[in-house]
Amino acid sequence: MLVLQAIIEGVLVGGFYALMAAGLTLVFGVMDIVNFAIGALIVLGAYLSYSLTIHFHLDPFVSLIFTTPLMTALGMFIYVFLIKPIKTNKVVMSLLTMFAVATLIEGILDICYNSGFVQIHASYINNSLRIGKLNFPLIYVLSFLLSAFLLSCLYFVTYRTKFGRALRASMQNPVAARLVGIDTDRVSMITLGIGIGLAAIGGMIFGTTNAFNASSSYDIISRLLVIVILGGFGSVGGALVAAIFMLVIQDVVAVVWSPVWGSTAFYMILMVVLLVRPQGLFGKKGVRAQ
Amino acid sequence: MSTDTTISQRPTPPSYEVPKAIRFGALAVGFLVLVLFPLVFNNPTISTIGVFAMIFLMAVTGWNIFSGYTGYIALGHAVFFGIGQYATAMLASYWQIPPGWETFLLIPVSMFLAGLAAIPIGLIVLRVRKHTFIVLTIALMFIFQLFAYNLRGWTGGSQGLEVSQPPWDGSIFNLPYYYVGLFLAIIAIVTSFMIRRSKFGLSLLAIRDDEDRARSLGINTRNSKLTAFVISAIFLGAAGCMYAMFVGSVYPQFSFDPAFDLELSIMAFAGGLGTILGPSLGALIISGAQQYFLITFGGANVFLIVYGALFILILRLLPGGVVPAISDKWRSHVVRKEQRILDSELEGPAEAGAHK
Amino acid sequence: MHISRFGSVASRHKVQLGAALSAVALAVTGLAVPNATAAPKPITIGISVSLSGDFSGDGKATQQGYKIWATWQNAHGGILGRPVVLKFLSDASSPTQVVTNYQKFITSDKVDFVLGPYSTKLTKPASDIANRYHYVMLEGIGGGPSVFSRGLKNVFDVSASATYQLVTYAKWLAATQKPQPIAYATMDDPFIQPMVDFAKAYLDKKGFTEAVYKVYPAETTDFSPIASAVAASGAKIAILGTMPPDGYAMIQNFIQAKYNPEQLILASGPDQGADFTKSVGVTNTEGIMVPNTWIPTSNYPGNKDMVALYIKTYGGDINSINADVPEAFAAGQVLAQAVNKVGSTSNVKLQAYLHSGAKFTSVQGPVQFAADGENSGAAPYVFQWQKGQYVPVLPLGGPDKVSPIETLRPAWGTTPGM
């Protein structure tokens with residue numbers, strides 16, 4: 001029935017939100033900065049995939065071969081030139097810098113693409129997978145699979161590689177990490193690159209499942225922030241749980257009650273959870289104020 | 001350049017602050033300019049710029065009272081701007097207020113309502129520490145925007161609400177709004193000044209510098225933050241009310257607009273976050289430029305790029321803002337002057353001796 | 001029916017005659033200046049268009065319509081024998097920006113006239129500001145009830161307003177189909193929602209029940225919950241109040257959900273020509289209907305010229321012309337006719353004349369203004385996509401030839417003859 005379909009769709013879509021949120025929460029954990037620009041970057045990724053599919057007739061998934069490395073490089077560039085130089089008041093300044101970057105990207109995209117709503121099309125966009133009486137758009141299933149695959153890769157990298165150890169060390173205690181010889185700057189740069197590369201992928205998925213334009217970034221960033229807070233800053237697992245939880249709730253409310261209240265439920269749940277547990281579901285309790 | 005006494009024999013050290021005379025003079029000139037502005041430039045298109053400048057002035061000064069003094073950058077203050085707008089629109093129609101002077105009576109009402117709303121909101125969002133706080137305020141703003149879209153019966157949904165415009169003649173239409181706005185802006189600045197110079201203000205600055213230490217010194221950080229939060233919300237509510245009355249229509253995406261907070265923070269930063277007049281200066285310059293841009297070229301999109309780039313530049317080059325930069329320049333000017341005097345005193349007698 | 005043509009030709013002759021006489025007079029008095037090419041002062045018209053933002057697609061079409069009209073009007077003697085010059089500013093689909101734009105036109109640029117922007121949402125504040133400075137707001141794309149309900153006397157809509165747009169279809173439905181459940185979904189836009197609501201009110205009275213009625217806010221991007229609800233209702237008739245992007249998205253969602261209503265009518269979207277067929281896929285368009293105030297092939301004054309000029313300037317074919325183009329063109333036409341009749345650039349006299357019950361002609365048909373500024377002479381059509389062609393199907397028995405209406409849509413992706 002409709003609710004079951006909504007739940008499953010929520011899980012499918014939640015998977016890809018989790019992917020994007022993972023980038024965000026990792027970046028925060030390692031560098032203590034909130035990558036405010038991730039919404040705009042996801043939209044950038046969506047537009048890049050869109051242009052590639054329109055002009056070169058590439059399949060959207062194929063376009064990722066080009067967009068992902070490009071945006072990963074962009075992420076590292078942003079780190080080196082905009083984030084690293086910040087010496088004082090890192091949290092606030094970096095947040096505002098990323099806010100500014102987001103605005104810049106939004107403005108550029110608006111000029112280049114002219115703010116009409118677009119959506120990425122592929123020949124199989126309208127196909128759906130039929131299981132019993134339920135229909136699932138093929139594109140949702142494919143994106144979920146891609147997200148699941150990438151999240152497992154991320155897990156693998158974080159917990160089974162040398163870089164991952166350096167990453168976790170930097171998250172736990174940057175000073176101590178440096179004392180044992182880890183180049184936290186390099187770790188940060190690569191992490192931001194990964195985070196934004198993931199945004200490229202998330203962007204493609206977002207672009208195929210939603211009509212979007214330059215201003216869609218606000219909607220994305222607010223949802224991702226909610227997911228990351230709910231899951232707890234720094235916890236990828238938390239992001240996964242939170243993302244699926246939120247999306248399922250949103251879809252169910254949309255179907256049962258009204259689509260408009262679906263999004264509102266999203267934010268209200270955050271408020272309720274935070275009243276009870278200010279550090280999120282899986283976050284660590286803050287020790288010092290700043 | 002000869003002096004009777006050498007520097008070391010001076011009774012008091014030189015002051016590094018901009019002298020009171022100059023400061024007072026600049027303020028007086030500024031005040032006169034603001035008062036006479038719409039009378040000199042009586043083209044309604046120009047005075048419209050002035051009205052928006054006043055609205056932003058009071059909004060930024062209010063925002064600064066909280067974010068500038070406590071260091072908690074609130075990026076969701078558009079909530080109170082929007083509350084001011086919707087309260088004005090809803091009450092104007094519910095109380096059947098005739099368009100005209102009586103509508104201005106809604107200003108204190110909006111201020112009160114915004115302040116009232118700030119209490120529960122503040123209690124919720126101030127529980128968390130800085131990062132979460134920033135994000136929470138943004139989430140809150142989106143919640144309100146969604147409510148504005150969805151509670152169609154009250155808020156008109158996407159169609160928004162209207163505030164009837166007074167039937168005043170086009171040539172003088174803007175003037176009442178400008179002067180009321182100026183009056184409110186001055187109140188905001190004076191409030192900011194009084195807070196800064198008070199013990200309450202000191203506690204806020206202490207929170208900004210090191211909250212845990214402030215608590216250990218006995219400051220009730222929760223109450224201080226909440227008070228500052230509510231006061232700043234009051235001025236944002238006033239700004240919202242003026243905006244709704246002047247523009248005449250209230251829509252969800254403009255009342256609860258993420259870009260609005262970006263504008264507030266860039267104005268405050270540009271002028272000098274945490275100073276008294278800095279945000280006002282930033283507001284005047286940037287909102288004036290923005291309005292001029294919009295009027296000449298239409299559409300806000302190129303200006304987004306300018307905003308973003310400008311903000312990045314400001315954050316890198318002038319992280320303090322204009323006002324602290326001016327104080328710094330003045331300080332180095334005084335230091336250099338003293339240095340010159342000192343040099344000449346050291347060389348002087350020797351010179352004189354050499355030329356004897 | 002050809003008043004404008006005669007009027008402008010006559011005034012052009014008058015101007016030429018007057019110029020000739022003055023030249024002679026000057027020569028006689030010995031004050032003739034060699035090379036005296038006294039070009040008549042142009043008539044400036046300020047228009048705010050949505051070149052970016054939510055309305056950018058339609059905004060561009062609106063601008064095209066106005067530009068084509070200016071070219072055409074200048075080829076027919078301009079207004080009062082003076083050339084028409086248009087000034088455009090973009091309002092980025094923002095109601096606050098549109099106010100700033102018109103204020104600048106009126107107080108800084110001191111234009112002679114203004115013409116309306118795209119959409120009810122923007123026309124409402126625009127007419128307010130025009131009213132404050134005593135300017136007339138003639139427009140063709142702002143027909144929601146909120147534009148007319150405020151008692152302003154300066155706003156005039158040359159196109160059919162929201163109340164009438166879907167009623168043609170509703171009347172036909174009630175007359176030919178058995179009462180049955182209908183699925184409604186609409187954006188809460190001040191023009192589109194009233195379109196759906198007025199039709200629904202009519203159909204409710206005739207015994208058609210509501211299978212589902214969903215209203216969604218303008219900023220919705222994910223339409224699958226709404227589409228699922230409509231699909232789940234199983235209604236054979238669906239009336240959707242959509243703007244183009246959501247319309248296309250909902251059709252896509254219907255295809256994915258394998259929901260295929262027998263009759264499907266959208267408030268807008270299918271009238272966007274090539275945009276529609278590209279977004280949805282030509283083979284999926286069969287049977288989809290949309291109301292429209294303009295027939296591309298009609299013989300109304302200026303229409304053939306407009307179509308030819310549009311294709312010459314912007315390319316494409318007759319079916320790719322966005323419905324906003326004739327709406328803008330018509331507004332300009334009526335302005336020219338009225339000003340030429342009034343004989344001066346006074347907005348006050350213009351307003352009085354427009355309210356006098358005078359009749360005008362336009363590419364969309366006859367225009368006559370009711371007391372609140374609506375066009376009481378308008379009769380909207382309903383168009384349907386049949387075999388990849390966009391043809392008028394309603395109203396039956398009207399002055400224009402219509403094709404037989406298709407009452408049973410085929411499965412998605414199948415279009416007979418394609």
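Glu162(B) counts as partly exposed, at 28% relative accessibility. In this predicted model, the side chain of Glu162(B) meets that of Arg150(C) in a salt bridge, with N and O 3.5 Å apart. That pair crosses from one chain to another, and its two residues also belong to a wider network of salt bridges. The points below start from there, then turn to the other charged pairs, the contact between chains C and A, and a threonine in chain B.

**The charged link between chains B and C**

- On the chain B side, Glu162(B) sits in strand β1, which covers residues 161-162.
- On the chain C side, Arg150(C) lies in the loop between α5 (145-148) and β5 (155-157).
- Arg150(C) has a relative accessible area of 23%, and because the partly exposed class runs from 20% to 50%, Arg150(C) counts as partly exposed.
- Glu162(B) falls in the partly exposed class too, with its 28%.
- The network that holds this pair links Glu162(B), Lys124(C), Asp128(C) and Arg150(C).
- As general background, side chains of opposite charge can pair when their charged atoms come close.

**Other salt bridges to look at**

- Over all chains, the count comes to 8 salt bridges.
- Within chain C, Lys200(C) forms a salt bridge with Glu210(C), and the closest N and O atoms are 3.0 Å apart.
- This pair links distant parts of the chain, with Lys200(C) in helix α8 (residues 192-205) and Glu210(C) in strand β7, 10 residues apart.
- Lys200(C) is buried, at a relative accessible area of 12%, whereas Glu210(C) is partly exposed at 41%.
- In chain B, the side chains of Arg208(B) and Asp209(B) meet in a salt bridge at 3.8 Å, N to O.
- Arg208(B) is partly exposed, with a relative accessible area of 30%, while Asp209(B) is exposed at 55%.

**Where chain C touches chain A**

- Here 24 residues of chain C are in contact with 24 residues of chain A.
- The size of an interface is often given as the accessible area lost when the parts come together.
- For chain C and chain A, the area buried between them is about 1,900 Å², and 49% of it is on carbon and sulfur atoms.
- The elements giving two or more residues to the chain C side are α2 (56-75), β7 (210-216), α9 (224-233) and α10 (244-257).
- Among these elements, α10(C) provides the largest share of that side, with 5 residues.
- By residue type, the chain C side divides into 10 nonpolar, 9 polar and 5 charged residues.
- How many salt bridges does the rule find across the interface of chain C and chain A? The count there is 0.
- The number of residue pairs in polar contact between chain C and chain A is also 0, where both residues must be at pLDDT 80 or more.

**A buried threonine in chain B**

- Is Thr155(B) buried or exposed? Thr155(B) is buried, because its relative accessible area of 8% falls under the 20% cut-off.
- Thr155(B) is placed in helix α6 of chain B, which spans residues 152-155.
- The side chain of Thr155(B) reaches the backbone oxygen of Ala148(B) at 2.4 Å.
- Leaving out residues up to four places away in sequence, Thr155(B) touches Tyr86(B), Phe147(B), Ala148(B), Gly160(B) and Leu161(B).

Methods. Residues numbered from 1 in each chain as written. Chains lettered and ligands numbered in written order. Predicted model: local features only at pLDDT ≥ 70, side-chain atom pairs only at ≥ 80, totals over all residues. Heavy atoms only, no water. Contact = heavy atoms within 4.5 Å. Buried area = accessible area lost by both parts, 1.4 Å probe. Salt bridge = Lys/Arg side-chain N within 4 Å of Asp/Glu carboxyl O. Polar contact = N/O pair within 3.5 Å; in protein donor to acceptor, adjacent residues only side chain to side chain. Helix = DSSP H or I, 4+ residues; strand = E, 2+ residues; numbered from the N terminus. Nonpolar A, V, L, I, M, F, W, Y, C, P; charged D, E, K, R; others polar. Buried < 20%, exposed > 50% of the residue type's maximum accessible area, 1.4 Å probe, protein only.
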